[in-house]
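Reader: I would like a close look at one part of this protein, namely the loop residues whose backbone is out of the ordinary, together with enough of the overall setting to place them.

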Amino acid sequence: MSIDPDSVPENYLAEGDSLLIAPLFRGGGIARFTVQRIQNFIGTVVLQRSGTPIIPALGQLTLQRGQETVASPLNRNGQFYFDTLAAGDYSAQVRFEQEVCTFSLTIPESEELFVELGTLTCVLP
């Protein structure tokens with residue numbers, strides 16, 4: 001049994017497109033195809049010290065929620081990219097040179113393929 005990969009919407013990923021089943025004579029079978037929704041989250045991080053913005057070029061943004069931890073390197077402009085995050089609240093940490101800055105981040109519910117989180121500001125002590 002198989003499914004046509006082109007029939008799966010672009011924001012979903014099917015883990016395999018065929019299954020071998022062998023039902024008994026006059027029997028039936030259930031074929032389950034695992035499909036995962038893909039969603040991309042993009043944005044920019046800016047650190048702030050005494051009102052002065054600092055771009056954490058080539059730093060790292062780490063998100064943690066429960067036991068799940070995911071990280072994204074930051075490009076020269078402080079931009080990040082994550083895929084397939086669950087909506088909800090995360091503890092966020094930016095590492096840049098010797099600096100570590102923590103803040104809270106809420107990932108919104110969305111049906112969009114690309115979700116722009118905008119500019120996230122973390123205030124350094």
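Author: In this predicted model, a good place to begin is Arg26, which is exposed because its relative accessible area is 78%, a value over the 50% that marks an exposed residue. Arg26 sits in the loop between β1 (12-14) and β2 (35-37), and its phi is near 60°, a positive value in a residue other than glycine. As background, most residues other than glycine have a negative phi.

A second residue belongs in this account: Leu58, which is not a glycine, has a positive phi of about 65°, and is found in the loop between β4 (52-54) and β5 (60-65). With a relative accessible area of 55%, Leu58 is exposed.

The loops that hold these two residues belong to a protein with 0 helices and 10 strands, so that the pattern read along the sequence is β-β-β-β-β-β-β-β-β-β. Of its 125 residues, 29% count as buried, and the accessible surface comes to about 8,400 Å², with 50% of that area belonging to carbon and sulfur atoms.

As for the overall form, the C-alpha atoms fill a box of roughly 75 × 30 × 25 Å along the principal axes, and the radius of gyration is 21 Å, whereas a compact globule of 125 residues would have one near 14 Å. Among the contacts with a separation of 6 or more, 50% are between residues 24 or more positions apart. Finally, the protein carries 7 positive and 14 negative side chains, and the centres of these two sets lie 7 Å apart.

Definitions and conventions:
Residues numbered from 1 in each chain as written. Predicted model: local features only at pLDDT ≥ 70, side-chain atom pairs only at ≥ 80, totals over all residues. Heavy atoms only, no water. Helix = DSSP H or I, 4+ residues; strand = E, 2+ residues; numbered from the N terminus. Rg over C-alpha atoms; globule rule 2.2 N^0.38 Å. Buried < 20%, exposed > 50% of the residue type's maximum accessible area, 1.4 Å probe, protein only. Contact = heavy atoms within 4.5 Å. Areas by Shrake-Rupley, 256 points an atom, 1.4 Å probe, with all protein chains shown as cover. Lys, Arg positive; Asp, Glu negative; His and termini not counted. Charge placed at Lys NZ, Arg CZ, Asp CG, Glu CD.
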